[in-house]
Amino acid sequence: MEGVFTCATSFFAYFFLVDFPDKADQSWRFLNKDERDFIVRRINKDRDDAIPEKFTLARFLRPALDIKIWILAFISFLIITVTTSISVFLPIILRNGLGFTIAESQCLIAPPYCLAAILMVTSAYLGDRFHVRGPILIFNSLVALVGLPIMGFASSSSARYFGVFLVTAGTNANIPTALAYQANNVRGQWKRALTSALFVGCGGIGGISGGTIFRSQDAPRYIPGISAAIA
C-alpha cells in the first residue's frame, strides 16, 4: 500500500516541481530574478553548465565510454546491496539471529535509523562545508565495515545489536553522500543525466542482490550474508 500511495502522489507532485535554475523564477516564485542570476553565476563558475544543452542521442550516450561513470554506478550497486539487505532482513536477523521476540524485533528496527539520520545530516553538512565527498564515503564505509563483524560474530546480543547501529548508520549515510559525489563530479547536463540514470539503475540491481544474501537456512549467525556484505 505504501507504494500505491507514493505512485498516486507522484502524479500531483509533478505539477509542483521547480525548473532548472535558469527558469526557477518562473516556477511557483521559488526564486526571484536576482536569486536566479546569482545561482546561475555560481553554477557557471563551478562547472559552466547552468544553461541546459540541446539534447542529442549521441551527446547523451557518448559518456558511457568513460569508465569513471561505471565506477560511480558500481559504488551505488555496492551501497544499495547492503542497505537493502539490512532494511529487508533486519527484523528477521533480530528475531532469529539475536533472539528477540517478534514485538521486540519490530520495535528495535527504528533506533539504528535514528543514528543513521544523524550521521547522514552530519555527512551532508561536512561535505558542503569543506567541499569533500570521497573521504566521507570512505569514513562511512569504515563505520559499516566495523559494524558488520560485530553484528555477525560478537557473542552477546547487545554487542551484535550495537553492530546493527554501525552498519545501518554507515551504509544509509552513504546513499545521499554518493548521490552528491556523482553529481558534484560530473560536468555537462546530459552526461550527468546518463550518470544519474546508471547510478539509480545499478542501485536497483543492488536492491535485487541485497534481497538474496541473508538466507533463512543461515540463521542464527548468517555468516554468508555478513561475509557478502563485508566483501
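In this predicted model, helix α8 passes helix α9 in a right-handed crossing. Helix α8 covers residues 157-184 and helix α9 covers residues 189-210; their axes come within 10 Å and cross at roughly 155 degrees. Angles over 145 degrees count as roughly antiparallel, and α8 and α9 are therefore roughly antiparallel to each other. On the α8 side the contact involves A178, L179, Q182 and A183, which meet R192, T195, S196 and F199 of α9. By class, the residues of this contact comprise 4 nonpolar, 3 polar and 1 charged.

**Overall architecture**

The chain contains 10 helices and 0 strands, and its pattern along the sequence is α-α-α-α-α-α-α-α-α-α. The C-alpha trace spans about 60 × 35 × 35 Å along its principal axes. Of the 231 residues, 39% count as buried. Among contacts between residues at least 6 apart in sequence, 65% join residues at least 24 apart.

**Helix α9 and its packing against α4**

Two packed helices are described by the angle between their axes and the distance between the axes. For α4 and α9 the angle is about 35 degrees, and the axes lie 7 Å apart. The crossing of α4 and α9 is right-handed. From α4, the residues I69, W70, L72, A73, S76, F77, I80, T81, T84, S85 and F89 take part in the contact; their counterparts in α9 are K191, T195, L198, F199, C202, G203, I205, G206, G207, S209 and G210. The residues of the contact of α4 with α9 divide into 11 nonpolar, 10 polar and 1 charged.

T195 and F199 of α9 belong to the contact with α8 and also to the contact with α4. Both T195 and F199 are buried, as are Q189, R192, L194, L198, C202, G203, G206, G207 and G210 of α9. The cover over the buried residues of α9 includes α3 (57-61), α4 (67-97) and α8.

**Helix α7**

Helix α7 occupies residues 134-153. Its buried residues are G134, I136, L137, N140, V143, A144, G147, L148, M151 and G152. Elements that cover the buried residues of α7 include α4, α6 (110-130), α8 and α10 (223-230). Helix α8 is thus named in the cover of α7 and in that of α9.

The lengths of α7 and α9 may be set beside the spans expected at 1.5 Å a residue.

| Helix | Residues | End-to-end C-alpha distance | Expected span |
|---|---|---|---|
| α7 | 20 residues | 29 Å | 28 Å |
| α9 | 22 residues | 31 Å | 32 Å |

For α7 the two values agree, and for α9 the end-to-end distance is close to the expected one.

**Residue N172 in helix α8**

N172 is placed in helix α8. Buried means under 20% relative accessible area; N172 has a relative accessible area of 13% and is therefore buried. Leaving aside residues up to four places away in sequence, N172 touches T83, Y113, A116 and M120. T83 falls within the range of α4, residues 67-97, whereas Y113, A116 and M120 fall within that of α6, residues 110-130. N172 and W190 are separated by 18 residues in sequence and by 27 Å in space, C-alpha to C-alpha. The number of W190 lies in the range of α9, residues 189-210.

How values were computed:
Residues numbered from 1 in each chain as written. Predicted model: local features only at pLDDT ≥ 70, side-chain atom pairs only at ≥ 80, totals over all residues. Heavy atoms only, no water. Axes fitted to C-alpha atoms, helices over the stretch in contact; angles between N-to-C directions. Helix = DSSP H or I, 4+ residues; strand = E, 2+ residues; numbered from the N terminus. Parallel < 35°, antiparallel > 145°, perpendicular 65-115°, else oblique. Left-handed = near helix turned anticlockwise from the far one by under 90°. Contact = heavy atoms within 4.5 Å. Nonpolar A, V, L, I, M, F, W, Y, C, P; charged D, E, K, R; others polar. Expected span 1.5 Å × (residues − 1). Buried < 20%, exposed > 50% of the residue type's maximum accessible area, 1.4 Å probe, protein only.
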